[in-house]
Amino acid sequence: MMRRIASAFLLLGATAALALHGPAPILAQGAAPGFAASLGDVRSLAARIPGRRPVRINVLKFAESRRTKNFSVKGAAAEPSVQARTAFQLVFQDGTVMVDAGMDRQVHAFFGRGVEEPYDAAAAAQLERALKAARLILVTHEHGDHVAGVIHTPLATELAPKTMLTRAQAQTLRTAPQMPEIRLSEQDASRYVIVDYDRYLPVAPGIVLLEAPGHTPGSQMVYVALESGREYLLIGDAAWHMDGVRSMAGKDVPWLIEDTGAVMAQLTWLNGLARREPDLVIVASHDEDERLALIRKGALGDRFE
Ligand SMILES: [Zn+2]
């Protein structure tokens with residue numbers, strides 16, 4: 001049932017299939033788990049698959065949660081804060097790749113925890129059209145707000161063959177899904193492109209996945225280098241707000257189960273990366289302040305095409 005990684009490359013018409021295994025990180029006995037991805041390695045992997053890189057990235061907000069800031073960033077003031085529910089579209093000259101797939105209204109209701117929160121049906125329809133048109137769909141992690149759009153949808157059969165899930169993501173969706181709507185049976189799972197990789201996986205020209213378990217077992221980051229040379233790192237939910245990276249503070253949510261040690265190591269790494277690579281655009285999925293600022297700067301487009 002495990003399809004070969006090569007099928008992902010075929011989706012994009014690339015010719016090379018690469019097996020990549022970086023050296024395992026060496027930890028001193030008793031040391032806290034580290035996160036030691038190398039941007040240099042990622043950059044060179046981004047050049048391994050020949051072809052034109054994406055020309056721009058669009059973001060779409062289709063829903064919101066309203067939570068005070070201290071939930072997203074431990075120690076922050078309990079002031080009102082918007083958590084944007086988003087998906088990203090990487091635009092090549094001849095097609096698109098999606099990062100995250102959104103969710104329907106029913107799964108959205110789960111996140112309100114009894115409170116009705118904004119859901120933009122027109123944006124959700126735009127997202128659904130973008131998923132149908134995409135050549136490849138990636139998900140940063142296996143939570144409902146990122147993955148339900150390829151599972152709990154009448155389009156699941158159509159979208160599954162071009163949706164790449166990692167083995168860890170598929171495993172969570174089969175055995176411990178965040179909500180019943182996104183549970184995958186063994187048979188359902190076999191319809192998706194399931195990949196397994198060690199540390200990094202280039203999936204298209206300019207696009208590399210970075211394994212980053214922590215927020216969930218199947219969490220990963222997505223590095224994107226555009227034709228223009230501009231670089232992005234989509235970090236999913238490693239932080240819910242970039243203040244979490246800036247102050248190296250995790251979330252403070254009693255009902256959230258995550259590997260806090262692994263997440264802290266990622267926040268520490270991201271904090272250093274942000275200082276060493278000021279031109280790298282680090283994007284947190286739910287940070288509404290950052291979304292608006294990046295759209296204003298022209299670093300992200302504000303609609304799908
Ligand atoms: Zn999320």
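**Close-ups of a predicted model**

**View 1. M98 and the residues around it.** Leaving aside residues up to four places away in sequence, M98 touches A87, Q89, A130, L131, A134, I137 and L138. This is a predicted model, so keep that in mind as you look around. M98 also belongs to the largest nonpolar core, which has 78 residues. Together with I137, L138, V208, L234 and I235, M98 is among those touching the most other members of that core. Nonpolar side chains tend to be buried together in soluble globular proteins.

**View 2. The open sheet and its edges.** Here are 6 strands, running in the order β1-β2-β3-β4-β5-β6 with mixed pairing. β1 (56-68) and β6 (193-195) each have a single partner strand, so one side of each has no neighbour in the sheet. From one strand to the next, the twist averages 25°.

**View 3. Helix α5 against the sheet.** Helix α5, residues 121-133, packs on the sheet and touches β1, β2 (80-92), β3 (95-99) and β4 (136-138). The direction of α5 makes about 140° with that of β1.

**View 4. Where β5 meets β6.** Strand β5 (residues 163-166) pairs with β6 in the parallel sense, over 3 bridges. Look for L165, which stands opposite I194 in β6.

**View 5. Two loop residues with positive phi.** Most residues other than glycine have a negative phi. D100, in the loop between β3 and α4 (105-112), has a phi near 80°. R113 sits in the loop between α4 and α5, and its phi is about 50°. Buried or exposed: which is D100? D100 is buried, because 29 other C-beta atoms lie within 10 Å. R113 counts as exposed, with 10 C-beta neighbours inside 10 Å.

Notes. Residues are numbered from 1 along each chain as its sequence is written. This is a predicted model: local features need pLDDT of at least 70, side-chain atom pairs count only at pLDDT 80 or more; totals for chains, interfaces and linings use all residues. Two strands pair if DSSP finds at least two bridges between them. Helices (H or I, at least four residues) and strands (E, at least two) are DSSP runs, numbered from the N terminus. Axes are lines fitted to C-alpha atoms, for helices over the stretch in contact, and angles run from 0 to 180 degrees between N-to-C directions. Two residues are in contact if their C-beta atoms, placed from the backbone, lie within 7 Å. A nonpolar core is a set of buried Ala, Val, Leu, Ile, Met, Phe, Trp, Tyr and Cys residues joined through C-beta atoms within 7 Å. A residue is buried if 20 or more other C-beta atoms lie within 10 Å of its own, exposed if 12 or fewer, and partly exposed in between; C-beta atoms are placed from the backbone.
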